[in-house]
Amino acid sequence: MTVAFAEIKNHLSEDNELLNYDNVPYSGVISKNLIETIAENQYLNGRKHGIQKLYYPCGQLKEAIMYTNGLANGRFISYHEDGSKKMNSTYTMGEFDGLYEVWSQCGRLLERKTYYQGRLIACRS
């Protein structure tokens with residue numbers, strides 16, 4: 001179940017990168033209206049865990065990234081407002097690992113990089 005940030009914000013606090021609800025690590029999904037985006041964040045035991053999403057005001061998905069125990073871990077995809085793919089990358093425990101690609105709004109590949117354990121090992125522009 002998704003909970004609106006505005007409804008629980010007075011109960012939330014952060015301590016050592018943990019999100020707490022009344023001093024207990026929070027588990028659940030929080031939706032928050034930001035400037036020009038809507039965030040939907042999943043937490044487990046106070047840390048981001050699962051798919052973290054941002055939406056454009058029109059409801060179109062802007063980006064999605066996987067987290068495990070507070071660290072980016074898995075695929076990260078972002079989209080242009082028209083729904084076309086903007087960026088694709090992969091993280092392993094908070095570091096780039098694998099392909100990092102960027103496309104123009106018309107679908108032209110602008111950039112391709114390859115990372116291994118956070119280090120850039122190949123680049124094509």
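Two strands are said to pair if DSSP finds at least two bridges between them. The views below show a predicted model, and the pairing of strands is their recurring theme.

**View 1. An open sheet of 3 strands.** The strands of this sheet follow the order 2-3-4, and their pairing is antiparallel. Strand 2 (12-15) and strand 4 (24-25) are at the edges with a single partner strand each, so each has one side without a neighbour in the sheet. Strand 2 pairs with strand 3 (residues 18-21) over 4 bridges, in the antiparallel sense. Across this pairing, serine 13 stands opposite asparagine 20 of strand 3. In general, the strands of a sheet are paired through backbone hydrogen bonds, in either a parallel or an antiparallel manner.

**View 2. The surroundings of asparagine 20 in strand 3.** Is asparagine 20 buried or exposed? Asparagine 20 counts as buried because its relative accessibility is 8%, and buried means under 20%. When residues up to four places away in sequence are not counted, asparagine 20 touches His11, Leu12, Ser13, Asp15, Pro25 and Tyr26. Ser13 in this list is the residue that stands opposite asparagine 20.

**View 3. The largest pocket and its lining.** The space in the largest pocket is about 380 Å³. Its lining consists of 17 residues, and Glu14, Glu17, Leu19, Tyr43 and Lys48 are those nearest the centre of the pocket. Two or more lining residues come from each of strand 2, strand 5 (28-34), strand 6 (37-44) and strand 7 (47-48). Which strand gives the most to the lining of the largest pocket? Strand 2 does, with 3 residues. By residue class, the lining of the pocket divides into 7 nonpolar, 5 polar and 5 charged residues.

**View 4. Glutamate 36 in the loop between strand 5 and strand 6.** The phi of glutamate 36 is near 65°, which is a positive value in a residue other than glycine. Glutamate 36 counts as exposed because its relative accessibility is 63%, and exposed means over 50%.

**View 5. Histidine 49 in the loop between strand 7 and strand 8 (50-55).** With a relative accessible area of 29%, histidine 49 is partly exposed. Not counting residues up to four places away in sequence, histidine 49 touches Gln42, Tyr43, Leu44, Tyr67, Thr68 and Asn69. How far apart in space are histidine 49 and glutamate 7? From C-alpha to C-alpha they are 21 Å apart, and in sequence they are 42 residues apart.

**View 6. Strand 9 (61-68) with its antiparallel partners, strand 8 and strand 10.** Strand 8 and strand 9 pair over 6 bridges, and glycine 50 has tyrosine 67 of strand 9 as its bridge partner. The hairpin of these two strands has 5 residues between the strands, and glycine 59 in this hairpin takes a positive phi near 100°. Strand 9 is in turn joined to strand 10 by 5 bridges; here the bridge partner of alanine 64 is isoleucine 77 in strand 10. In the hairpin of strand 9 and strand 10 there are 2 residues between the strands, and asparagine 69 has a positive phi near 50°. Asparagine 69 is also one of the residues that histidine 49 touches.

**View 7. The largest nonpolar core.** This core has 9 residues in all: Ile65, Tyr67, Ala72, Phe76, Met87, Tyr91, Tyr100, Val102 and Tyr115. Strand 9, strand 10 (71-79), strand 11 (85-92) and strand 12 are the elements that give two or more residues to this core. Another core, of 7 residues, lies apart from it, and among its residues are Val3, Ile8, Leu19 and Tyr43. Leaving aside neighbours within four places in sequence, tyrosine 67 is in contact with Lys48, His49, Gly50, Gln52, Ala72 and Asn73. Nonpolar side chains tend to be buried together in soluble globular proteins.

**View 8. Two hairpins that involve strand 13.** Strand 12 (residues 95-103) and strand 13 (residues 109-116) pair in the antiparallel sense over 6 bridges. Tyrosine 100 has lysine 113 of strand 13 as its bridge partner. The hairpin of strand 12 and strand 13 has 5 residues between the strands, with glycine 107 at a positive phi near 100°. Strand 13 also pairs with strand 14 (residues 119-124), again in the antiparallel sense, over 5 bridges. Tyrosine 116 stands opposite arginine 119 in strand 14. The hairpin of strand 13 and strand 14 has 2 residues between the strands, and glutamine 117 in the turn has a positive phi of about 50°.

Terms used. Residues numbered from 1 in each chain as written. Predicted model: local features only at pLDDT ≥ 70, side-chain atom pairs only at ≥ 80, totals over all residues. Heavy atoms only, no water. Buried < 20%, exposed > 50% of the residue type's maximum accessible area, 1.4 Å probe, protein only. Contact = heavy atoms within 4.5 Å. 1 Å grid on protein atoms, 1.4 Å probe; cavity = no way out; pocket = protein on both sides within 12 Å on 5 of 7 lines; lining within 4 Å. Points joined across faces, edges and corners; volume = space filled by probe spheres on them. Nonpolar A, V, L, I, M, F, W, Y, C, P; charged D, E, K, R; others polar. Core = buried A, V, L, I, M, F, W, Y, C linked by side-chain atoms within 4.5 Å.
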